[in-house]
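Here's a quick walk through the model for anyone who wants to get their bearings before going back to the bench. Have a look at the structure first, then read on.

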Amino acid sequence: MTIILGLESSCDDSAAALVTADRRILAQAVVGQNSAHQPYGGVVPEIAARAHVEILPKLIRDVLTEAELSIRDVDAIAATAGPGLIGGVMVALLAGKGLALAAGKPLIAVNHLEGHALSPRLADPDLGFPYLLLLVSGGHCQLLEVRGVGDYRRLATTIDDAAGEAFDKAAKLLGLGYPGGPAIEALAAEGNSREVPLPRPLVGSAEPHFSFAGLKSAVQRAAACADFRREDIAASFQQAVIDCLVDRTRLALQQTDAPTLVVAGGVAANGEIRSALASLAEANGRQFSVPPAWLCTDNAAMIAWVGAERFGAGLCDPLDAPARARWPLDENAEKVRGAGVKA
Ligand code: KG4
Ligand code: ZN
(Lines give C-alpha, C1' and ligand atoms only; values in the text may rest on other atoms or scores of the structure.)
(Ligands and ions follow the chains in the order given, each with its own letter.)
Protein backbone atom coordinates (compact mmCIF):
# COMPACT_ATOMS: atom_id res chain seq x y z
CA MET A 1 0.00 0.00 0.00
CA THR A 2 1.29 3.44 -0.97
CA ILE A 3 2.53 5.50 1.99
CA ILE A 4 3.03 9.27 1.72
CA LEU A 5 4.90 11.54 4.13
CA GLY A 6 3.22 14.98 4.22
CA LEU A 7 4.91 18.18 5.45
CA GLU A 8 3.29 21.56 6.16
CA SER A 9 4.68 24.94 7.31
CA SER A 10 2.97 27.61 5.19
CA CYS A 11 1.46 29.67 8.02
CA ASP A 12 1.74 29.20 11.79
CA ASP A 13 1.36 25.42 12.14
CA SER A 14 4.27 23.00 11.74
CA ALA A 15 2.98 19.57 10.79
CA ALA A 16 4.02 16.12 9.56
CA ALA A 17 1.85 13.09 8.76
CA LEU A 18 2.00 9.62 7.24
CA VAL A 19 -1.09 8.72 5.22
CA THR A 20 -1.84 5.72 3.00
CA ALA A 21 -3.62 5.76 -0.34
CA ASP A 22 -6.45 3.77 1.28
CA ARG A 23 -7.08 6.64 3.73
CA ARG A 24 -5.33 5.36 6.84
CA ILE A 25 -3.63 8.05 8.90
CA LEU A 26 -0.64 6.12 10.28
CA ALA A 27 0.61 9.04 12.36
CA GLN A 28 0.21 12.77 12.40
CA ALA A 29 1.50 15.69 14.46
CA VAL A 30 0.68 19.41 14.44
CA VAL A 31 2.40 22.03 16.57
CA GLY A 32 0.88 25.51 16.53
CA GLN A 33 2.60 28.75 17.46
CA ASN A 34 -0.32 30.62 18.99
CA SER A 35 1.54 31.77 22.10
CA ALA A 36 4.45 33.13 20.01
CA HIS A 37 2.12 35.29 17.90
CA GLN A 38 -0.49 36.14 20.54
CA PRO A 39 1.16 39.41 21.68
CA TYR A 40 0.95 40.72 18.10
CA GLY A 41 -2.68 39.69 17.36
CA GLY A 42 -1.61 37.97 14.13
CA VAL A 43 1.12 35.84 12.59
CA VAL A 44 4.61 37.43 12.46
CA PRO A 45 6.30 35.84 9.40
CA GLU A 46 9.88 35.88 10.73
CA ILE A 47 8.87 34.32 14.06
CA ALA A 48 6.83 31.69 12.22
CA ALA A 49 9.67 30.70 9.86
CA ARG A 50 12.19 30.31 12.70
CA ALA A 51 9.76 28.21 14.73
CA HIS A 52 9.15 25.88 11.76
CA VAL A 53 12.92 25.33 11.39
CA GLU A 54 13.13 24.38 15.07
CA ILE A 55 10.13 22.04 15.25
CA LEU A 56 9.63 20.34 11.86
CA PRO A 57 12.62 17.91 11.95
CA LYS A 58 11.40 16.57 15.31
CA LEU A 59 7.85 16.12 13.99
CA ILE A 60 9.15 14.12 11.02
CA ARG A 61 11.09 11.81 13.38
CA ASP A 62 8.06 11.55 15.69
CA VAL A 63 5.60 10.42 13.00
CA LEU A 64 8.04 7.87 11.57
CA THR A 65 8.68 6.50 15.08
CA GLU A 66 4.98 6.37 15.92
CA ALA A 67 4.20 4.48 12.71
CA GLU A 68 7.28 2.25 13.22
CA LEU A 69 8.54 3.14 9.75
CA SER A 70 11.76 4.50 8.29
CA ILE A 71 11.99 6.98 5.43
CA ARG A 72 12.82 3.98 3.18
CA ASP A 73 9.27 2.65 3.70
CA VAL A 74 7.70 5.84 2.33
CA ASP A 75 6.70 5.92 -1.35
CA ALA A 76 6.76 9.69 -1.86
CA ILE A 77 7.22 12.95 0.03
CA ALA A 78 4.54 15.62 -0.29
CA ALA A 79 5.44 19.10 0.95
CA THR A 80 3.45 22.31 0.81
CA ALA A 81 5.09 24.59 -1.77
CA GLY A 82 2.67 27.54 -1.36
CA PRO A 83 0.71 29.72 -1.17
CA GLY A 84 1.65 31.22 2.17
CA LEU A 85 4.32 33.11 4.08
CA ILE A 86 7.34 32.45 1.88
CA GLY A 87 9.88 31.99 4.71
CA GLY A 88 7.65 29.34 6.27
CA VAL A 89 6.74 27.65 2.98
CA MET A 90 10.45 27.13 2.27
CA VAL A 91 10.97 25.16 5.49
CA ALA A 92 8.69 22.21 4.61
CA LEU A 93 9.55 22.36 0.92
CA LEU A 94 13.33 22.31 1.51
CA ALA A 95 12.97 19.58 4.14
CA GLY A 96 10.91 17.56 1.65
CA LYS A 97 13.46 18.08 -1.12
CA GLY A 98 16.33 17.06 1.17
CA LEU A 99 14.56 13.87 2.23
CA ALA A 100 13.52 13.08 -1.34
CA LEU A 101 17.08 13.50 -2.58
CA ALA A 102 18.70 11.58 0.27
CA ALA A 103 16.23 8.68 0.24
CA GLY A 104 15.71 8.61 -3.53
CA LYS A 105 11.95 9.21 -3.27
CA PRO A 106 9.67 11.25 -5.55
CA LEU A 107 8.71 14.77 -4.43
CA ILE A 108 5.19 16.17 -4.70
CA ALA A 109 5.06 19.98 -4.37
CA VAL A 110 1.58 20.56 -2.95
CA ASN A 111 -0.66 23.61 -3.23
CA HIS A 112 -1.87 24.20 0.35
CA LEU A 113 -5.29 25.18 -0.99
CA GLU A 114 -5.53 21.83 -2.76
CA GLY A 115 -4.83 20.30 0.66
CA HIS A 116 -7.97 21.98 2.02
CA ALA A 117 -9.89 21.30 -1.19
CA LEU A 118 -9.25 17.54 -1.22
CA SER A 119 -9.23 17.01 2.57
CA PRO A 120 -12.95 16.07 2.53
CA ARG A 121 -12.08 13.09 0.30
CA LEU A 122 -9.64 11.80 2.94
CA ALA A 123 -12.44 11.82 5.51
CA ASP A 124 -15.24 10.68 3.20
CA PRO A 125 -14.48 7.75 0.83
CA ASP A 126 -17.82 8.23 -0.92
CA LEU A 127 -17.13 11.83 -1.95
CA GLY A 128 -16.62 11.79 -5.72
CA PHE A 129 -16.01 14.61 -8.22
CA PRO A 130 -17.44 17.11 -8.94
CA TYR A 131 -18.41 19.00 -5.79
CA LEU A 132 -19.01 22.62 -4.89
CA LEU A 133 -16.40 23.66 -2.33
CA LEU A 134 -16.68 26.59 0.04
CA LEU A 135 -13.05 27.10 1.05
CA VAL A 136 -12.95 29.31 4.13
CA SER A 137 -9.61 29.85 5.86
CA GLY A 138 -7.44 32.59 7.32
CA GLY A 139 -6.19 33.66 3.91
CA HIS A 140 -8.97 32.61 1.54
CA CYS A 141 -12.72 32.68 1.02
CA GLN A 142 -13.64 31.06 -2.27
CA LEU A 143 -16.33 29.02 -3.95
CA LEU A 144 -14.82 26.44 -6.30
CA GLU A 145 -16.20 23.72 -8.48
CA VAL A 146 -13.83 20.82 -7.78
CA ARG A 147 -13.86 18.70 -10.94
CA GLY A 148 -10.87 16.47 -10.26
CA VAL A 149 -7.33 16.47 -8.88
CA GLY A 150 -5.76 19.70 -10.16
CA ASP A 151 -8.98 20.72 -11.92
CA TYR A 152 -10.74 23.69 -10.33
CA ARG A 153 -13.17 26.34 -11.54
CA ARG A 154 -13.42 29.35 -9.26
CA LEU A 155 -16.95 30.76 -9.05
CA ALA A 156 -16.28 33.42 -6.42
CA THR A 157 -13.71 34.91 -4.10
CA THR A 158 -13.48 37.71 -1.55
CA ILE A 159 -12.97 41.25 -2.75
CA ASP A 160 -11.20 42.20 0.49
CA ASP A 161 -10.70 40.12 3.66
CA ALA A 162 -10.97 36.34 4.03
CA ALA A 163 -13.59 34.95 6.44
CA GLY A 164 -10.97 33.71 8.93
CA GLU A 165 -9.19 37.06 8.74
CA ALA A 166 -12.51 38.74 9.64
CA PHE A 167 -12.84 36.43 12.67
CA ASP A 168 -9.26 37.23 13.71
CA LYS A 169 -9.71 41.00 13.31
CA ALA A 170 -13.08 41.02 15.12
CA ALA A 171 -11.53 38.99 17.96
CA LYS A 172 -8.69 41.49 18.26
CA LEU A 173 -11.21 44.36 18.46
CA LEU A 174 -13.04 42.48 21.23
CA GLY A 175 -9.80 41.93 23.16
CA LEU A 176 -9.79 38.17 22.49
CA GLY A 177 -6.65 36.22 21.66
CA TYR A 178 -5.27 34.85 18.38
CA PRO A 179 -6.57 32.86 16.51
CA GLY A 180 -9.88 34.63 16.74
CA GLY A 181 -12.22 32.02 15.28
CA PRO A 182 -12.43 29.61 18.22
CA ALA A 183 -12.50 32.52 20.72
CA ILE A 184 -15.41 34.24 18.91
CA GLU A 185 -17.30 30.95 18.58
CA ALA A 186 -17.00 30.31 22.34
CA LEU A 187 -18.04 33.86 23.30
CA ALA A 188 -20.87 33.89 20.75
CA ALA A 189 -22.43 30.84 22.44
CA GLU A 190 -23.20 33.10 25.41
CA GLY A 191 -24.56 36.03 23.38
CA ASN A 192 -27.66 37.07 21.45
CA SER A 193 -27.09 37.29 17.69
CA ARG A 194 -29.98 39.75 17.20
CA GLU A 195 -28.69 42.32 19.70
CA VAL A 196 -26.17 44.23 17.54
CA PRO A 197 -27.18 45.44 14.04
CA LEU A 198 -24.37 44.60 11.62
CA PRO A 199 -24.21 44.73 7.79
CA ARG A 200 -24.27 41.71 5.44
CA PRO A 201 -21.87 42.94 2.70
CA LEU A 202 -22.70 41.85 -0.88
CA VAL A 203 -25.71 39.75 0.20
CA GLY A 204 -28.17 39.73 -2.72
CA SER A 205 -25.57 40.86 -5.29
CA ALA A 206 -25.54 39.19 -8.70
CA GLU A 207 -22.23 37.33 -8.45
CA PRO A 208 -21.41 35.09 -5.49
CA HIS A 209 -18.36 37.07 -4.29
CA PHE A 210 -17.66 37.87 -0.63
CA SER A 211 -16.70 40.99 1.31
CA PHE A 212 -15.92 41.22 5.02
CA ALA A 213 -14.00 44.50 5.48
CA GLY A 214 -17.15 46.55 6.15
CA LEU A 215 -18.27 44.04 8.75
CA LYS A 216 -14.98 44.45 10.60
CA SER A 217 -15.42 48.26 10.64
CA ALA A 218 -18.97 47.83 12.00
CA VAL A 219 -17.65 45.56 14.78
CA GLN A 220 -15.09 48.25 15.58
CA ARG A 221 -17.89 50.83 16.00
CA ALA A 222 -19.99 48.43 18.09
CA ALA A 223 -17.02 47.59 20.32
CA ALA A 224 -16.45 51.31 20.96
CA CYS A 225 -20.09 51.76 22.00
CA ALA A 226 -20.90 51.17 25.68
CA ASP A 227 -24.43 49.91 24.84
CA PHE A 228 -23.33 46.47 23.65
CA ARG A 229 -22.05 43.43 25.53
CA ARG A 230 -19.01 41.66 24.00
CA GLU A 231 -20.82 38.31 23.83
CA ASP A 232 -23.67 39.93 21.87
CA ILE A 233 -21.22 41.53 19.46
CA ALA A 234 -19.49 38.15 18.99
CA ALA A 235 -22.81 36.36 18.38
CA SER A 236 -24.06 39.07 16.01
CA PHE A 237 -20.77 39.08 14.11
CA GLN A 238 -20.77 35.29 13.74
CA GLN A 239 -24.37 35.38 12.51
CA ALA A 240 -23.53 38.10 9.97
CA VAL A 241 -20.67 35.95 8.60
CA ILE A 242 -22.99 32.93 8.44
CA ASP A 243 -25.65 34.93 6.58
CA CYS A 244 -23.03 36.07 4.03
CA LEU A 245 -21.61 32.56 3.55
CA VAL A 246 -25.07 31.00 3.19
CA ASP A 247 -26.41 33.64 0.77
CA ARG A 248 -23.32 33.52 -1.48
CA THR A 249 -23.15 29.72 -1.44
CA ARG A 250 -26.87 29.48 -2.28
CA LEU A 251 -26.20 31.57 -5.39
CA ALA A 252 -23.19 29.45 -6.37
CA LEU A 253 -25.28 26.27 -6.02
CA GLN A 254 -27.46 27.65 -8.82
CA GLN A 255 -24.35 27.81 -11.03
CA THR A 256 -23.34 24.16 -10.75
CA ASP A 257 -24.95 20.75 -11.03
CA ALA A 258 -22.43 19.27 -8.58
CA PRO A 259 -24.40 16.91 -6.33
CA THR A 260 -22.50 17.71 -3.12
CA LEU A 261 -21.75 20.87 -1.14
CA VAL A 262 -18.45 20.65 0.73
CA VAL A 263 -16.96 23.09 3.20
CA ALA A 264 -13.28 23.04 4.21
CA GLY A 265 -10.54 25.29 5.65
CA GLY A 266 -10.01 26.52 9.21
CA VAL A 267 -13.30 28.43 9.46
CA ALA A 268 -15.17 25.19 8.66
CA ALA A 269 -14.21 24.09 12.19
CA ASN A 270 -16.99 26.43 13.41
CA GLY A 271 -20.02 24.39 14.53
CA GLU A 272 -22.63 27.05 13.70
CA ILE A 273 -21.18 27.53 10.22
CA ARG A 274 -21.14 23.77 9.62
CA SER A 275 -24.78 23.36 10.59
CA ALA A 276 -25.98 26.41 8.61
CA LEU A 277 -24.33 25.04 5.46
CA ALA A 278 -25.66 21.53 6.11
CA SER A 279 -29.18 23.02 6.20
CA LEU A 280 -28.52 24.97 2.99
CA ALA A 281 -27.41 21.80 1.19
CA GLU A 282 -30.48 19.93 2.37
CA ALA A 283 -32.84 22.74 1.32
CA ASN A 284 -31.26 22.62 -2.16
CA GLY A 285 -31.39 18.86 -2.56
CA ARG A 286 -27.60 18.40 -2.32
CA GLN A 287 -25.47 16.08 -0.25
CA PHE A 288 -23.26 17.72 2.36
CA SER A 289 -19.73 16.84 3.43
CA VAL A 290 -17.37 18.49 5.89
CA PRO A 291 -14.16 17.00 7.34
CA PRO A 292 -13.76 16.65 11.12
CA ALA A 293 -12.66 19.93 12.75
CA TRP A 294 -9.00 18.84 13.19
CA LEU A 295 -8.78 18.21 9.43
CA CYS A 296 -10.27 21.67 8.66
CA THR A 297 -7.51 23.66 10.37
CA ASP A 298 -3.98 23.39 8.98
CA ASN A 299 -2.43 19.93 9.21
CA ALA A 300 -0.11 17.66 7.20
CA ALA A 301 -2.55 14.75 6.75
CA MET A 302 -4.34 16.81 4.08
CA ILE A 303 -0.99 17.52 2.39
CA ALA A 304 -0.06 13.82 2.46
CA TRP A 305 -3.51 13.05 1.04
CA VAL A 306 -2.95 15.39 -1.92
CA GLY A 307 0.35 13.52 -2.29
CA ALA A 308 -1.55 10.23 -2.40
CA GLU A 309 -4.04 11.53 -4.96
CA ARG A 310 -1.32 13.04 -7.17
CA PHE A 311 1.08 10.09 -6.80
CA GLY A 312 -1.77 7.79 -7.86
CA ALA A 313 -2.24 9.94 -10.97
CA GLY A 314 1.52 9.95 -11.74
CA LEU A 315 1.85 13.66 -10.90
CA CYS A 316 5.26 14.13 -9.24
CA ASP A 317 7.48 17.24 -9.32
CA PRO A 318 11.14 17.99 -10.04
CA LEU A 319 13.50 18.78 -7.15
CA ASP A 320 13.72 22.41 -8.27
CA ALA A 321 9.97 22.97 -7.79
CA PRO A 322 9.64 26.59 -6.59
CA ALA A 323 8.21 27.88 -3.31
CA ARG A 324 5.32 30.20 -4.19
CA ALA A 325 3.87 32.97 -2.01
CA ARG A 326 0.88 33.18 -4.38
CA TRP A 327 -0.58 30.17 -6.14
CA PRO A 328 -4.24 30.26 -7.21
CA LEU A 329 -6.05 26.92 -7.59
CA ASP A 330 -7.79 28.15 -10.74
CA GLU A 331 -5.03 29.87 -12.73
CA ASN A 332 -7.62 31.06 -15.29
CA ALA A 333 -9.84 32.88 -12.79
CA GLU A 334 -10.22 36.58 -13.47
CA LYS A 335 -8.90 39.05 -10.92
CA VAL A 336 -11.75 40.50 -8.88
CA ARG A 337 -11.30 44.05 -7.72
CA GLY A 338 -13.49 45.66 -5.15
CA ALA A 339 -13.47 48.30 -2.49
CA GLY A 340 -10.31 47.95 -0.47
CA VAL A 341 -8.44 45.93 -3.10
CA LYS A 342 -5.53 47.84 -4.57
CA ALA A 343 -5.07 47.63 -8.33
O1 KG4 B 1 -7.00 26.80 7.36
P2 KG4 B 1 -6.37 27.48 8.51
O3 KG4 B 1 -5.95 26.66 9.71
O4 KG4 B 1 -5.12 28.31 8.07
C5 KG4 B 1 -5.08 28.97 6.84
O6 KG4 B 1 -4.71 28.30 5.84
O7 KG4 B 1 -5.45 30.17 6.82
O8 KG4 B 1 -7.41 28.62 8.96
C9 KG4 B 1 -7.11 29.45 10.05
C10 KG4 B 1 -8.29 30.37 10.23
C11 KG4 B 1 -8.04 31.46 11.27
O12 KG4 B 1 -8.42 32.70 10.73
C13 KG4 B 1 -8.95 31.04 12.41
O14 KG4 B 1 -9.42 32.14 13.18
C15 KG4 B 1 -10.07 30.33 11.69
O16 KG4 B 1 -9.44 29.62 10.66
N17 KG4 B 1 -10.80 29.41 12.57
C18 KG4 B 1 -12.10 29.57 12.90
C19 KG4 B 1 -12.39 28.55 13.83
N20 KG4 B 1 -11.27 27.79 14.02
C21 KG4 B 1 -10.30 28.34 13.23
N22 KG4 B 1 -13.01 30.48 12.51
C23 KG4 B 1 -14.24 30.40 13.04
N24 KG4 B 1 -14.59 29.47 13.97
C25 KG4 B 1 -13.71 28.53 14.38
N26 KG4 B 1 -14.06 27.61 15.29
ZN1 ZN C 1 -4.89 26.50 5.57
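## A loop, a helix and a zinc site

Ser193 sits in the loop between helix H6 (180–188) and helix H7 (213–224); helices here are DSSP runs of H or I with at least four residues, strands are E runs of at least two, and both are numbered from the N terminus. This is a predicted model, where local features need pLDDT of at least 70 and side-chain atom pairs count only at pLDDT 80 or more, while totals for chains, interfaces and linings use all residues. Residues are numbered from 1 along each chain as its sequence is written, chains are lettered from A and ligands numbered from 1 in the order in which they are written, and side-chain values use heavy atoms, with hydrogens and water left out.

Back to that loop. Ser193 comes within 3.9 Å of Ser236, C-alpha to C-alpha, although 43 residues separate the two in sequence. Setting aside neighbours within four places in sequence, Ser193 contacts Ala235, Ser236 and Gln239, contact meaning heavy atoms within 4.5 Å.

Thr249 is in helix H8 (residues 230–253). Not counting residues up to four places away in sequence, Thr249 touches Leu132, Leu134, Leu143, Leu261, Leu277 and Leu280. Here is how the two residues compare for exposure, where buried means under 20% relative accessible area, exposed over 50%, and partly exposed in between (1.4 Å probe, protein chains only).

| Residue | Relative accessible area | Class |
|---|---|---|
| Ser193 | 25% | partly exposed |
| Thr249 | 0% | buried |

Now for the metal. Which protein donors does the zinc ion (ligand 2) have? They are His112 (NE2), His116 (NE2) and Asp298 (OD), at 2.0 to 2.1 Å from the ion. Donors are N, O and S atoms within 2.8 Å of the metal (3.2 Å for Na, K and Ca), and water is not among the atoms, so sites may look incomplete. The spacing of the donor residues in sequence reads H-x3-H-x181-D. His116 belongs to helix H4 (residues 112–123) and Asp298 to the loop between helix H10 (293–296) and helix H11 (301–312), so this pair ties together parts 182 residues apart in sequence. His116 and Asp298 are both buried.

Zooming out, the protein chain has 11 helices and 10 strands. Its C-alpha trace spans about 60 × 45 × 40 Å along the principal axes. Of the 343 residues, 51% are buried. Among contacts between residues at least 6 apart in sequence, 73% join residues at least 24 apart.
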